[in-house]
Amino acid sequence: MENGTTSARAQWSNRFVFILAAAGSAVGLGNIWKFPYVTGVNGGGAFVLAYLVCIACIGLPLLISEFLIGRRGAASPSASFARLARADGHSPRWSWAGNVGILAAFLILSFYSVVGGWCVAYVIEALSGGLSQSDGAATIALFGDLLASPTRLVLWHTVFMLMTVIVVAGGINRGIERLVKVLMPALFLLLVALVGYAATTPGFEQAVSFLFAPDFSSLTIRAVLVALGHAFFTLSLGMAVMIAYGSFLRREVSLPRAACAIAAIDTTVALLAGLAIFSVVFSTPGLEPAAGPGLVFQTVPLAFNDMPGGRFASILFFVLLLFAAWSSSVSVLEPVVERIEGQRGLGRRRAAWLIGVVTWAIGVLCALSFNVLSEVTLGGKGLFDLLDILTTHILLPLAGLGAALFVGWRLSAATLADELGHAAWIPLWRQVLRYLTPLLIAAVFLFNLRDLFFT
Ligand code: PHE
């Protein structure tokens, strides 16, 4: 049994930094490229509406549950599950749900750090003027060249991993808090500046209607399931992160209020980022909002190329992207470090470096899967893609399901009342966790599996 003592456990200095840290986790690459893109292909405004409903009906209830498990358990995510289960007379084997989330976090970190490395590389390119090539083909080729270069990929991945480990090694107060207190306000300012810039471009109006004009005819079941899956990912659910962050939270803080604030920040950032990105993309004739990494690493730099002040704006954009990735990567390292911290006398610092080295090594293999190891595939997919699929399609839903079922069916009413009081929404919330959340998670899960095997 792992160690998870409550004595002298660190705590967030105040509610505000907790919200910054959790929002820092939630606001990531998912908000800046994935949300705008999936919104575009799934019917714009109608999809945004579906997404908001998913955040409110599934995201929020689950976010509150994860915070609750963490705060009440006051230990590593898996130990928190075990402790709460035992306290309410159930099997401590519920720790599986925490362990699945921790495994997801561990694997996510290894490939996310490679993407974080791309962000570092692009900040440097943007600063040195490398992104403002006169010729569009050169800007497009830049990304291809980066992926083709094992040394550069590994180098930047290493830099990003170091940035992540150094913060987590410092602990909650001296590491993560200090980072997010600077990063999150900066991120927000950068975003506002970018949206201000975007508002001056000719594509702004088109971007507004692209994102907000609802076209219900394109809102398929598939789109709703995509909205649901994204609501999950964007709130960092199912990766033990919110449980870990909740475990440092003081009792006075209202969990539902904090969860609402975090979901609101996350959604606002996603919408603003979408506005900024599509304004510049639509301002450049001939550019299409491409899918995936191509959108931020090729289309956006190309769009900035032709714009007045574009060089400056592209610096802002990539610094923004890097900050968003950094505060997310820190958050996925945290639960993994907590899982092994204290075992065999392992201190925080050593635990952070140990996990850092192991995830770094897996990340190196992911980076190489773009070039020298590109032949090593399973079902046509390299390690980078495989880890992405394994985590987002399988491990996250599983861990989320565990949290929903656990809080829905296993925790006693007394435990819940002690954490949340007797608010009128609690019985409804519980029914949602018991039936609706598991049902919808199962639907997304099956849908993803079908996609995986039949497309
Ligand atoms: N919520 C993050 C996002 O939107 C997801 C994430 C968190 C990914 C932590 C990796 C690490 O990008």
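Q: Which residues line the second largest cavity?
A: In this predicted model, the second largest cavity has a volume of about 40 Å³, and its lining divides by class into 7 nonpolar, 3 polar and 1 charged residues. The residues that form this lining are Glu 66, Phe 81, Ala 97, Gly 98, Gly 101, Gly 238, Met 239, Ala 240, Ile 243, Ala 399 and Ala 403.

Q: Which element gives the largest share of the lining of the second largest cavity?
A: Two elements, H5 and H16, each supply at least two residues of the lining of the second largest cavity. The largest share amounts to 3 residues, and the element that provides them is H5.

Q: What is the volume of the largest cavity?
A: The structure holds 3 cavities of 30 Å³ or more. Of the 16 residues that line the largest cavity, those closest to its centre are Ser 25, Tyr 112, Phe 233, Met 239 and Ser 328. The space enclosed in this largest cavity comes to about 150 Å³.

Q: Which element gives the most to the lining of the largest cavity?
A: The lining of the largest cavity comprises 7 nonpolar and 9 polar residues, with no charged ones. At least two residues of this lining come from each of H1, H2, H5, H10 and H14. The element that gives the most, with 4 residues, is H14.

Q: Where is the ligand, in terms of the cavities?
A: The ligand is surrounded by 14 residues, the closest being Ala 26, Gly 30, Asn 31, Phe 233 and Thr 234. By class, this shell has 6 nonpolar, 8 polar and no charged residues. The space that the ligand takes up is the largest cavity.

Q: How much of the area that the ligand exposes when taken alone is buried by the protein?
A: An oxygen atom of the ligand lies 2.8 Å from a polar backbone atom of Gly 30, while a nitrogen atom of the ligand is 3.0 Å from a backbone N or O atom of Thr 234. Taken alone, the ligand exposes 320 Å², and the part of this area that the protein buries is 100%.

Q: Which residue has a side-chain N or O atom 3.1 Å from an oxygen atom of the ligand?
A: Gly 30 and Thr 234 are each among the closest residues to the ligand, but the polar contact of Gly 30 uses a backbone atom, and that of Thr 234 likewise uses a backbone N or O atom. The contact at 3.1 Å involves an N or O atom in the side chain of Asn 31.

Q: How many residues line the largest pocket?
A: The largest pocket has a volume of about 1300 Å³. The elements that give two or more residues to its lining are H2, H5, helix H6 (136–148), H10, helix H13 (293–305), helix H16 (383–410) and helix H18 (426–454). Trp 33, Lys 34, Asp 388, Thr 392 and His 393 lie nearest the centre of this pocket, and the number of residues in its lining is 45.

Q: How many charged residues are there in the lining of the largest pocket?
A: Among the residues nearest the centre of the largest pocket are Lys 34 and Asp 388, and both of these belong to the charged class. Across the whole lining there are 30 nonpolar and 9 polar residues, and the charged residues number 6.

How values were computed:
Residues are numbered from 1 along each chain as its sequence is written. This is a predicted model: local features need pLDDT of at least 70, side-chain atom pairs count only at pLDDT 80 or more; totals for chains, interfaces and linings use all residues. Side-chain values use heavy atoms; hydrogens and water are left out. A residue is near a molecule or strand if one of its heavy atoms lies within 4 Å of it. A polar contact is a pair of N or O atoms within 3.5 Å; within protein, one must be able to donate a hydrogen and the other to accept it, and residues adjacent in sequence count only if both atoms are side-chain atoms. Accessible areas come from the Shrake-Rupley method with a 1.4 Å probe; for residues, only the protein chains shown count as cover. On a 1 Å grid over the protein atoms alone, a cavity is a set of points where a 1.4 Å probe fits but cannot get out, and a pocket is an open set with protein on both sides within 12 Å along at least five of seven lines; lining residues have an atom within 4 Å of a point. A molecule sits in a cavity or pocket if more than half of its atoms lie within 2 Å of its grid points. Grid points are joined across faces, edges and corners, and a volume is the space filled by probe spheres set on the points.
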